[in-house]
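These notebook entries record what I looked up in the structure shown below.

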Amino acid sequence: MSSPLSISKEIANSTFNKRQHPAAHDFKTTINLTDLDLFTKGQPIKEFKEMRDQAPVFWHPPMVGDIEPGFWSLTNHADILKVSSDPSTFSSQMGTGTMMTLGREDRRHPKLWRSAIDHMLNLDGALHINLRREHMPFFKPDYVSNLRVKVSAKITALLDTIEPKGECNFVHDFAQQLPIYTLSEILGIPEADRQKLVTWMEFLELAQYIQVDQMKKELDAEHTKEPVNTEMIDMFNNMIDEMFEYGRDILNSKRKNPQDDLLSAIANAEIEGQQLSQEFLDGSWLLIIFAGNDTTRNTLSGAIKLLTENPDQRQKLIDNPDLMPNFVQECIRMISPVMHMRRTTTCETQVGDQLMGPGEKIVMWYGAANRDPSVFTNPDKFDIERENADKHLAFGIGRHTCVGKPVALMQLAESYTQILQRFPDIHMNGEWKVAPNNFVHAIQEMPVKF
Ligand code: HEM
C-alpha cells in the first residue's frame, strides 16, 4: 500500500496495457470522445446512443498526443454499475480514478498534474476510507439541515439582486455564486476571499482545452517554425499559482488554529499516524473546490434549459411542489454534470461480453448510462414524475460515491423552490455557451428573462 505522502510520484512512472483480448464488438466509427469540441453543445447524446447500441464496451483510440494506448469506453448502465461497485478489480488508484489521460511527461502542468492525482478520488482501500471519513461530519443530515437555513437566505439575497433587472446571465448572477457561498461556509473561507474562487473555477474549466490547444499550436509550430503565442498559458499558470498559494496559506493557518470547518478537518487529518503531506494538501484543496462548485453550478444552469424546453413539466412542478425532490433527480439524470470517471483493471476480468486483461484503462460515461433505455423508459424525455429518476449514476456509485450529494440536492431543491415562486416564467433568452471540456459539463453563459 502506498503512503499518503504522494501517489502522483508512483503514477508518473506507470505504463498501461493495450487491450489483451480481441474486441467483442466489431464496430467501426469516426466518433471521437476525446474531441473536446464535441461537448460544446452539451452531452453527445447521439454519439453515446450509437456506441451503446453498437459496442457498449468499445476500445477507444487514445487522445491526440497521448502516451497511453487507448481505453475501454463504457456507455451502458449495468456495466458502469458493475465497474464502480467492484474497487478491487477496477482500481481508482492505479492510473487514477479521474484522469482520462496522464499526458506526456513534458506536457504535464507542474502543479496541476500532481494535485489532480494526490487526493482521495484517486485512492483505494483503507487510505481512501480514512480520508473520506474526515469529510463525513460536514455532509451529515444535521449539518446539512443547519446549512439549509443559510443557503436559503443567500438564495433570497441573490434573487433580490437580479429581480429588478428582469433578465440576466444566470451563470454569472446565480449559478456561479450560490455553490461558492455554500462551499465557502463548509470550508471556512472568509467572505472577502470568495470571489477569487469564482475566477479560479472559470480557468479550471478551461484547463483541458488550454492544454490541448497549446499542444496543437506547438505541433503546428514544428512545421511552420513560427513562435507559439504563450499569453493565454501564462495567464492560466499565474491563476493556478495564485489558487494553490491561497490553498496552502489557508490550510496552514487552519492547521495552526483549527476551527469547526472542513478545511480544518483536512489540514489536521491523520492517515497512518501522519498528517497529510503538502502534495496531499494541495490535491485535497483542488478536489474540494472543484468538485464542490462546478457540479452544482452546472446543474443549476442546466435546469433552466430543461424548464424552458418543457413548459408542461414546469407547470406540473408549479402546481405540485411536492415533486421538487424528483424534479432535482431528473435534472441531474438529464444533465449529468460529471461526464466521466476512470478506472484501471487489476486482474483478468470481463465487462459485459468483453474480456479484459490487467492494467487496462476504462472510462465510464455517466451521461450515456443515464439515458440507457434498458433502465430509463423513453430516456430523452424530461419527466419529473419518472419513478426511477434517482437510479441515475451521475453521483457515481460504490465506495467513491459523491460525498457532497446531500449538499448538492439541498442547494438545487432550495434554489428551484424559491426561483419558481418568484419567477415562474423564467426562461432562456438566447444561446447558452458550454466550454470545450469532456470531464465536466461546463455551462459558461445562460441568458435568461423572467
Ligand atoms: C450535482 C452535483 C454533483 C455531482 C453530479 C457530483 C458527482 C460526483 C462524482 C461522479 C464523483 C465520483 C464518483 C466515483 O468516482 O465513483 C464525485 C465524488 C466526489 N464529490 Fe461530487 N458531485 C456533485 C456535488 C458535489 C458537492 C456539492 C461536493 C462538496 C461540497 C462534492 C464533493 C465530492 C467529493 C469530495 C468527491 C470524492 C469522493 C470520494 O472519492 O470518496 N460533490 N462527485
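**Entry 1: strand pairing of β7.** I worked from a predicted model. I began with strand β10 (residues 361–365), which pairs with β7 in the antiparallel sense over five bridges. Within this pairing, I noted that Thr-344 stands opposite Lys-361 in β10. I then looked up strand β3 (residues 90–91), which runs antiparallel to β7 and is joined to it by two bridges. Phe-90 has Thr-345 of β7 as its bridge partner.

**Entry 2: burial of β7.** I next asked how many of the six residues of strand β7 (residues 340–345) are buried. I found six of the six buried, so the strand is largely enclosed by the rest of the structure. In a regular strand, side chains alternate between the two faces of the sheet. I therefore checked each face of β7 separately, and both are covered. His-340, Arg-342 and Thr-344 are buried on one side, and Met-341, Arg-343 and Thr-345 are buried on the other.

**Entry 3: a three-stranded sheet.** I recorded an open sheet of three strands in the order β4-β14-β11, with antiparallel pairing. β4 (167–169) and β11 (427–428) stand at the edges with a single partner strand each, so one side of each has no neighbour in the sheet. Between β4 and strand β14 (residues 447–449) I counted three bridges, in the antiparallel sense. Glu-167 has its bridge partner in β14, namely Lys-449.

**Entry 4: helix α5.** Which residues of helix α5 (residues 125–135) are buried? I listed Leu-127, His-128 and Leu-131. These cover an arc of only 95° around the axis, which puts them on the same side of α5. An α-helix has 3.6 residues a turn, so residues three or four places apart point the same way. On the other side of α5, I found Ala-126, Ile-129 and Arg-133 exposed. I also looked up what the buried residues of α5 pack against, and noted β5 (270–271).

**Entry 5: surroundings of the ligand.** I turned last to the ligand, which has 28 residues around it. Those that come nearest are Gly-292, Thr-295, Gly-396, Cys-402 and Gly-404. The elements that give two or more residues to this shell are α12 (278–291), α13 (294–309) and α17 (405–422). I then sorted the shell by class and obtained 16 nonpolar, eleven polar and one charged residues.

Terms used
Residues are numbered from 1 along each chain as its sequence is written. This is a predicted model: local features need pLDDT of at least 70, side-chain atom pairs count only at pLDDT 80 or more; totals for chains, interfaces and linings use all residues. A residue is near a molecule or strand if its C-beta atom, placed from the backbone, lies within 6 Å of it. Helices (H or I, at least four residues) and strands (E, at least two) are DSSP runs, numbered from the N terminus. Ala, Val, Leu, Ile, Met, Phe, Trp, Tyr, Cys and Pro count as nonpolar, Asp, Glu, Lys and Arg as charged, and the others, Gly among them, as polar. A residue is buried if 20 or more other C-beta atoms lie within 10 Å of its own, exposed if 12 or fewer, and partly exposed in between; C-beta atoms are placed from the backbone. Two strands pair if DSSP finds at least two bridges between them. The arc is that of the directions from the helix axis to the C-beta atoms. Two residues are in contact if their C-beta atoms, placed from the backbone, lie within 7 Å.
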